[in-house]
Amino acid sequence: MSTPVKRQLSMVMDLNKCIGCHTCTSACKLMWTNRNGREYMYWNNVETQPGEGYPRGYAEMGGGFDSNGNLKIGKEPSAEDYGIPWDYNYEESLMTGTDPWMRPNVKPTWGPNWDEDEGEGEYPNSYYFYLPRICNHCDNPGCLAACSRNAIYKRQEDGIVLVDQERCRGYRYCVTGCPYKKVYFNEKISKSEKCIFCYPRIEKGLPMACAKQCVGRIRWVGYRDDVDGPIHLLVDRYKVALPLHPEWGTKPNVFYVPPTSPPRLTADGAVESESRIPIEYLEGLFGSGVREAFATIAAERQKKSNGEDSELMDTLIGYRHSEMFKLS
Amino acid sequence: MLRPDQPLNPFEKQVVEKVPYPTLSGRITFYCDHDRFLRLASRVPTARLHAGREASNYPLNFYSPHTRWGIHSNWRSNKYMMRLQRGEPNVYISPKLAADKGIEDGSRVRVFNGIGEFFAQAKFYPSLPQDTLMMEHGWEPYQFEQQKPLNDITATLLQPLELVGNWGHLKFTLWKWNANQLAHESSVDIAPA
């Protein structure tokens, strides 16, 4: 069951280019979530995978739809699962000198990026990659289906999923219904809030803050139906960009180019044929299209090595940042 | 030469503008056959791996890459950056080495050698070999317990090669050479604290 819209704004992120710098997270944080009860929220987060993710263990919390299209109500993350933002004794340690050194006001035990860079495996075959996540602005949003107040809606003109703050009564069914755990409950105002795809920027012709600030140029923004745009090229024509957990049934509109990885090494340093990140693991995240996407990328990369043209590689490289956003 | 909406690529000055390096050869110089360099077995850049017994006779290598959370020490104490880390200075350790030493992820550890010590939080990092600790440089001294920074375990001996051919690297040029101290010549040990 999808919610039909006139157009769908979408994003593609190339995980091969993400360096885990969290500039996207910081841009989003300072623009939207550093105040008014949103301090703990990261509408955009970057998590290390394999890993717990943000909130901790979200992939096991349920939500989304079963194979018959019925909504599954999941679990609501605890404050500790998100990480409780800690503060510092700046004044006492740096200004008045009454504390001997700077430290958090509570001993942090978990945070939104706690297991950064851990991943799986052992040196020298350890592996991990960065997965930036925002609201997927799904065709079939679990949050929208879960809301008993009809407070969540999908905009006709661009498919952006929003919480109507006038209608929301803070029941939090949306939090449990979203399998990506990208709707957050604001305790201060007793309403749910989420990534708004930076619609005030979009309406002015600007890309989202996370995409605009991305130093790795991993993000493309455009409309899915624009056959000359980057989304159609990466998702539909070359099929190298895939949704995260398509089996959760929400039909995301954020897509990822899955991460390639170097080969495994034997104990004496010889190169094996297997890639460091197991392909089966990636298929568990991005579905059955991973092998085909890798084959396409390898073939197109070879073209470039041979000195031939490759429309796909030129797009993935992103020579000019401004051309990665097509907002009309 | 900065241009709008185009990156500044490394070596453009040399490759595109054809400006030679201010070295004796005009190129990036790795090989140097000066007498003193030959005598000290440094005809190519060569690690000494020794900063004296007190600093270097310890089992673990210690290296300190750049951080992603600031530029050197700039912004290192910013709460938005710190909330995306462990909230306090952390030292990366292989889980295998940690098991040998009785160290748990997130626990307080003491890193030490004969010249000093500091305390930090252990963070597991399976991508490290078992004989090495890693800690991003640039943590401010005031962020450490007792204000003992990671520099307290770092020593370096004067490098006699710096005196060759008139102080500086062969020839002193303002801004082209500075007497940076090396972190890699010291070694350390680690223990639960």
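**Chain B, overall**

I began by reading chain B along its sequence, where the elements follow the pattern α-α-α-β-α-β-α-β-β-β-β, that is, five helices and six strands. I note at the outset that this is a predicted model, and I keep that in mind for every entry below. The C-alpha trace of chain B spans about 55 × 50 × 30 Å along its principal axes, and 40% of the 193 residues of chain B count as buried. I also looked up how far apart in sequence the contacting residues of chain B lie: among contacts between residues at least 6 apart, 72% join residues at least 24 apart.

**Where chain B meets chain A**

I next turned to the contact of the two chains, to which chain B gives 34 residues and chain A gives 39. The area buried between them comes to about 3,100 Å², with carbon and sulfur atoms giving 49% of that area. Which three residues of chain B supply more of the area it buries against chain A than any other three? I found R68(B), R83(B) and L84(B), which together supply 23%.

I then listed the charged pairs, and the rule finds eight salt bridges across the interface of chain B and chain A, while the structure holds 33 over all chains. One that I looked up by name is the salt bridge of K123(B) with E118(A), whose closest N and O atoms are 3.2 Å apart. Following these residues further, I found E118(A) and K123(B) linked with R86(B) and D105(B) in a network of salt bridges.

**Salt bridges within chain B**

Within that network I looked at D105(B) and R86(B), whose side chains meet in a salt bridge at 3.2 Å, N to O. D105(B) sits in the loop between helix 5 (95-101) and strand 3 (108-113) of chain B, and R86(B) in the loop between helix 4 and strand 2 (90-93) of chain B, with their positions 19 residues apart in sequence. Is R86(B) buried or exposed? R86(B) counts as buried because its relative accessibility is 1%, whereas D105(B), with a relative accessible area of 31%, is partly exposed.

The other pair I entered for chain B is K101(B) with D189(B), where the closest N and O atoms are 2.7 Å apart. K101(B) lies in helix 5 and D189(B) in strand 6 (residues 187-192) of chain B, so this pair ties together parts that are 88 residues apart in sequence. K101(B) counts as partly exposed at 27% relative accessibility, and D189(B) counts as buried at 15%.

**Helix 1 of chain A**

Moving to chain A, I checked helix 1 (residues 23-33) and found it mostly covered, with eight of its 11 residues buried. The buried residues are C24(A), T25(A), S26(A), A27(A), C28(A), K29(A), W32(A) and T33(A). What covers them includes, from chain A, strand 2 (45-49), helix 6 (199-202), helix 7 (209-213) and strand 8 (219-223), and, from chain B, helix 4 (79-82).

**Helix 8 and helix 11 of chain A**

I looked at helix 8 (residues 230-237) of chain A next; six of its eight residues are buried, so the rest of the structure largely encloses it. Those buried are P230(A), I231(A), H232(A), L233(A), L234(A) and V235(A), and their cover includes strand 1 (9-14), strand 8, strand 10 (254-257) and helix 11 (311-317) of chain A. Just after helix 8, I noted that K239(A) takes a positive phi of about 55°.

From helix 11 of chain A I picked out T315(A), which is buried with a relative accessible area of 17%. Leaving aside residues up to four places away in sequence, T315(A) touches W220(A), L233(A) and L234(A).

I also found a salt bridge between the side chains of E311(A) and R237(A), at 3.1 Å from N to O. This pair links distant parts of the chain, with E311(A) in helix 11 and R237(A) in helix 8 of chain A, 74 residues apart. E311(A) is partly exposed, with a relative accessible area of 40%, and R237(A) is likewise partly exposed at 40%.

**Helix 9 against helix 10 of chain A**

For my last entry, I looked up how helix 9 (residues 279-286) and helix 10 (residues 290-305) of chain A pack, and found an angle of about 110° with the axes 9 Å apart. Angles of 65 to 115 degrees count as roughly perpendicular, so helix 9 of chain A is roughly perpendicular to helix 10 of chain A. On the helix 9 side I279(A), E280(A), L282(A), E283(A) and F286(A) take part, meeting V290(A), R291(A) and F294(A) of helix 10. By class, this contact has five nonpolar, no polar and three charged residues.

Key: Residues numbered from 1 in each chain as written. Chains lettered and ligands numbered in written order. Predicted model: local features only at pLDDT ≥ 70, side-chain atom pairs only at ≥ 80, totals over all residues. Heavy atoms only, no water. Axes fitted to C-alpha atoms, helices over the stretch in contact; angles between N-to-C directions. Helix = DSSP H or I, 4+ residues; strand = E, 2+ residues; numbered from the N terminus. Parallel < 35°, antiparallel > 145°, perpendicular 65-115°, else oblique. Contact = heavy atoms within 4.5 Å. Nonpolar A, V, L, I, M, F, W, Y, C, P; charged D, E, K, R; others polar. Buried < 20%, exposed > 50% of the residue type's maximum accessible area, 1.4 Å probe, protein only. Buried area = accessible area lost by both parts, 1.4 Å probe. Salt bridge = Lys/Arg side-chain N within 4 Å of Asp/Glu carboxyl O.
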